[in-house]
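Q: I would like to learn how to read a protein model, one feature after another. Could we go through the example together?

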Amino acid sequence: MLRIAVPNKGALSEPAAALLSEAGYRRRGTAKELVLVDEPNNVELFFLRPRDIAVYVGSGTVDVGITGQDMLADSRTAAEVILPLGFAHSTFRFAAQAGEERDLGGLAGARIATSYENLVEDHLAQHGVEATVVHLDGAVESSIRLGVADVIADVVETGTTLRQAGLSVFGDPIMTSQAVLFSRPGLTLDDDAAHTLEVLVRRVRGVLVAREYVLIDYDIPTEKLEGAVAVTPGFEAPTVSELHRSGWSAVRSMVAVSETNQVMDALYEAGARAILVTAIQACRM
């Protein structure tokens, strides 16, 4: 069986579980269920702390995992990212007391509090900056006020928590992050498990595409067909069928969810009518 590590809690847990469920894999019944065997799909799901997943994958204990890019980088585990998953977006940044003038070069000799010490140390080393990195397991925003650090480095989503603590970000982001599906490098599997991994990747890609696209159907006078098709070129090409009504064609195509209303407006102006939009439940591309 293919072994898959899934976040068991935190911001990554529910989106990862929903993604796998949409891809056709079993969902655990309770939060206390740590191992789930999905025999029909030939996988074992292990629900682990998001920070530990990279370690388990890197050691070869499990084959693939889902976690944040920031946690993966902080683990210093050699890994191969298979797919970005499009959720749990965040930015990792330095922050200091509001009003202080700071930049990366000025961090030499500073005390930097963070829960991601390896990530910060590697970033500082890449830029030739020597500083003291103070490891804290959480609530790093209080470390400056308590005199433990001069600067912090932490995940920033909206920045609200930092502002409430009287802090502001400075400099360029250390990294931007999102959830990823990844494997250990040089992963070798027997034929059955390798096929199961291919199916997993294909299914997850299908879910991601289904979330980003919709199907659009419309009728168009055949003489205006080329102009409408230019608006909805689709993935490969749109499906065009002749209507029973002479001189009219029916068209079906995929369009990005974010562009749906603009496309509908453009089609109407191009002469299309009976424009319908349908959500995609699943797909294989």
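Q: To begin with a single residue, in which helix does P15 lie?
A: P15 lies in helix 1, where helices (H or I, at least four residues) and strands (E, at least two) are DSSP runs numbered from the N terminus. Please keep in mind that this is a predicted model, in which local features need pLDDT of at least 70 and side-chain atom pairs count only at pLDDT 80 or more, while totals for chains, interfaces and linings use all residues. Residues are numbered from 1 along each chain as its sequence is written, and side-chain values use heavy atoms, with hydrogens and water left out.

Q: What is the relative accessible area of P15, and how is such a value read?
A: Buried means under 20% relative accessible area, exposed over 50%, and partly exposed in between, with a 1.4 Å probe and protein chains only. P15 has a relative accessible area of 27%, so it is partly exposed. The C-alpha atom of P15 is separated by 8.1 Å from that of A88, although these two residues are 73 residues apart along the chain.

Q: How should I read a sheet, and what is the strand order here?
A: Strands of a sheet pair through backbone hydrogen bonds, either parallel or antiparallel. Two strands count as paired if DSSP finds at least two bridges between them. Here six strands make an open sheet with mixed pairing, in the order 2-3-1-4-11-5. Strand 2 (35-38) and strand 5 (80-84) are the edge strands, each pairing on one side only.

Q: How does strand 4 pair with strand 11, and how is it joined to strand 1?
A: Strand 4 (residues 64-68) pairs with strand 11 (residues 179-183) in the antiparallel sense, over five bridges. Within that pairing, I66 has L181 as its bridge partner, and V64 has S183. Strand 1 and strand 4, by contrast, run parallel and are joined by two bridges, with G65 in strand 4 as the bridge partner of A5. Five of the five residues of strand 4 are buried, so this strand is largely enclosed by the rest of the structure.

Q: Which strands does helix 1 touch, and what angle does its direction make with strand 1?
A: For such angles, axes are lines fitted to C-alpha atoms, for helices over the stretch in contact, and angles run from 0 to 180 degrees between N-to-C directions; contact means heavy atoms within 4.5 Å. Helix 1 (residues 13-22) packs on the sheet and touches strand 1 (2-7), strand 3 (43-48) and strand 4, and its direction makes about 145° with that of strand 1. Helix 2 (residues 50-59) lies across strand 1, strand 3, strand 4 and strand 11, and runs at about 145° to strand 4.

Q: At what angle do helix 1 and helix 6 pack?
A: Two packed helices are described by the angle between their axes and the distance between the axes. Helix 1 and helix 6 pack at about 105°, with axes 9 Å apart. That makes helix 1 roughly perpendicular to helix 6, given that angles under 35 degrees count as roughly parallel, over 145 as roughly antiparallel, 65 to 115 as roughly perpendicular and the rest as oblique. Where they meet, helix 1 contributes A18, L19, L20 and E22, and helix 6 contributes L200, V204, V207, L208 and R211.

Q: How many residues does the largest nonpolar core have?
A: In soluble globular proteins, nonpolar side chains tend to be buried together. A nonpolar core is a set of buried Ala, Val, Leu, Ile, Met, Phe, Trp, Tyr and Cys residues joined through side-chain atoms within 4.5 Å. The largest one has 45 residues, and L85, F94, L107 and L200 are those with the most contacts inside it. Helix 6 (residues 191-212) gives the most to this core, with seven residues. Not counting residues up to four places away in sequence, L200 touches L2, I4, L20, Y25, V64 and L181. A second, separate core has 13 residues, including I220, L225, L267 and A272.

Q: Which residues of helix 4 are buried?
A: In helix 4 (residues 117-126), the buried residues are N118, L119, V120, H123 and L124. What covers them includes helix 3 (69-75), strand 6 (90-97) and strand 7 (111-114). After helix 4 comes G128, which has a positive phi near 65°.
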